[in-house]
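Hi everyone, thanks for making room for me today. I'd like to walk you through one structure, so have a look at the screen.

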Amino acid sequence: MSDIPQERRVVTAIPGPKSVELQARRVAAVAAGVGSTLPVFTARAGGGIIEDVDGNRLIDFGSGIAVTSVGASAEAVVRRASAQLADFTHTCFMVTPYEGYVEVCEQLAELTPGDHAKKSALFNSGAEAVENAVKIARAWTKRTAVVVFDHGYHGRTNLTMALTAKNMPYKQGFGPFAPEVYRVPVAYGYRWPTGAENAGAEASAQAIDEITKQIGADNVAAIIIEPVLGEGGFIEPAKGFLPAIAEFAKDNGIVFVADEIQSGFCRTGQWFACEDEGIVPDLITTAKGIAGGLPLSAVTGRAEIMDAAHAGGLGGTYGGNPVACAGALGAIETMREMDLNGKARRIEEVMKGRLAEMRSKLPDGDIIGDIRGRGAMIAIELVKTGTKEPDAAAAGSLAKACHAEGLLVLTCGTYGNVLRFLPPLVIGEDLLNEGLDILEQAFARL
């Protein structure tokens, strides 16, 4: 655990003078297309705190977008990665392999859903994992079409931009995109026309009908879905939707891919979010929370499907870097020892309780249209009073108000109107509640 005091401290304006100075250097040297939520420059981070170069300590409700679930300087991650750094930084697993890569694949086989024989391949980023899952599915099925869903996010490479639903900022001006990608409806309960209680059955029937009529089931290599949709707004598909889609895939020889890049590794209070409805995917993609902040991703799945690609067909120079693998083993050790699934469930209990209370105090109609999510993957959807019209401005104002008081929060959603909360799973309950106090005050001011 980091030695940073687990206390919020605001000693300058945010961003402070040193951050402002660094921002000027950044503007001169870093491409403008690389954005930042909050231009405070980090000096140290750990537990539930980010300390900036001006000495401010911010409560972290972002975890580097669901990455530092074990904290940003977890003891086991630092210990194992440091030891590996001293031994060697790289050989390329495709040239001379090493045990750490194998050990991570063994852990993935044990932790992911299902008791079938499993294998994995390791990469650097979530987008690479998704892209390789498509390659593997195509090799296995000898088919080409890929089905994805409204509000889905799968990455920023050319193929994964095609898979991603939202245009701005991810796709605008970057086409043409990869062909043979088809998008179908998802069971977005809050916005389903006939009500959340009908969304699971109706959306799955609609999606299956579109796949059958517009693509042809026997042309589909893979169906890819996030069990909790991340960038699209922390949408939990309504109950019954995922099992129906998984069953359809199974009946038609389609590879069912669970994209657990944001939702995996204890984030939702289970090792993987698809476990909630007993889904056993054929392939599962992971990244973000896997290695305590070091760049690592994986595709894990049924051994026979994973073996479909020819020798040399999968890989990459840095994929499964030895230092990142050591970090992953440290992160998994931390998750087990600290029962971070239990901690995530407790975070949900605290957050949902407090958010419901905040909502009950709001005057004249509710701008919190929906409170949703699981574990430490919680969100509120903001709407204009008395309607379901998305209110992106309110989300932006609330985030800004929180940032000024030393609470880092992120927005998301297809309409930009969702405030999402991704605290490190190791955050202290006092900090969690203090962060929620700041949010409550921001609502009062709004």
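I'll start with the overall picture, then go to one sheet, one loop residue and a few backbone oddities.

First, keep in mind that this is a predicted model. So what is the secondary structure make-up? The protein chain has 13 helices and 15 strands. And how does the radius of gyration sit against the globule rule? We get 21 Å, close to the 22 Å that the rule gives for 446 residues, so the chain is as compact as a globular protein of that length. If you prefer box dimensions, the C-alpha trace spans about 60 × 60 × 45 Å along its principal axes.

Now the inside and the outside. Of the 446 residues, 55% are buried. On the outside, the accessible surface comes to about 17800 Å², and carbon and sulfur atoms own 53% of that. For the contacts with a separation of 6 or more, 73% are between residues 24 or more positions apart. As for charges, there are 41 positive and 54 negative ones, and the mean positions of the two sets are 3 Å apart.

Okay, on to the sheet I picked. There are 4 strands in it, running in the order β1-β2-β3-β13, and the sheet is open with mixed pairing. Which strands are at the edges? Those are β1, residues 42-46, and β13, residues 407-408, each of them pairing on one side only. Looking at the β1 end, β1 pairs with β2, residues 49-52, in the antiparallel sense over 4 bridges. To find the register on your screen, click on Ala 45: the residue opposite is Ile 50 in β2.

Next, a loop residue, Gln 270. You'll find Gln 270 between β8, which is 255-259, and β9, which is 283-286. Is Gln 270 buried or exposed? Neither, really: its relative accessible area is 21%, so Gln 270 is partly exposed, given that buried means under 20%. Which residues does Gln 270 touch, leaving aside neighbours within four places in sequence? The contacts are Glu 275, Asp 276, Asn 341 and Arg 374. For a sense of distance, take Ile 245, 25 residues away along the chain: its C-alpha atom and that of Gln 270 are separated by 21 Å.

Last part, the backbone. Most residues other than glycine have a negative phi, and most peptide bonds are trans. Here are some exceptions to look up.

Let's do the cis bonds. One joins Ile 14 and Pro 15, with omega at about 0°, and Pro 15 is in the segment before α1, residues 17-29. Another joins Met 168 and Pro 169, with omega again about 0°. Pro 169 lies in the loop between α6, 158-163, and β6, 181-184.

That loop comes back for the phi angles. Glu 180 is in the loop between α6 and β6 too, and although not a glycine, Glu 180 has a positive phi of about 65°. Its relative accessibility is 32%, so Glu 180 counts as partly exposed.

And then there's Ile 65, also not a glycine, with a positive phi of about 60°. Where does Ile 65 sit? In helix α2, residues 63-66. Ile 65 is partly exposed as well, at a relative accessible area of 30%.

That's my tour, happy to take questions.

Key
Residues numbered from 1 in each chain as written. Predicted model: local features only at pLDDT ≥ 70, side-chain atom pairs only at ≥ 80, totals over all residues. Heavy atoms only, no water. Helix = DSSP H or I, 4+ residues; strand = E, 2+ residues; numbered from the N terminus. Rg over C-alpha atoms; globule rule 2.2 N^0.38 Å. Buried < 20%, exposed > 50% of the residue type's maximum accessible area, 1.4 Å probe, protein only. Contact = heavy atoms within 4.5 Å. Areas by Shrake-Rupley, 256 points an atom, 1.4 Å probe, with all protein chains shown as cover. Lys, Arg positive; Asp, Glu negative; His and termini not counted. Charge placed at Lys NZ, Arg CZ, Asp CG, Glu CD. Pairing = 2+ DSSP bridges.
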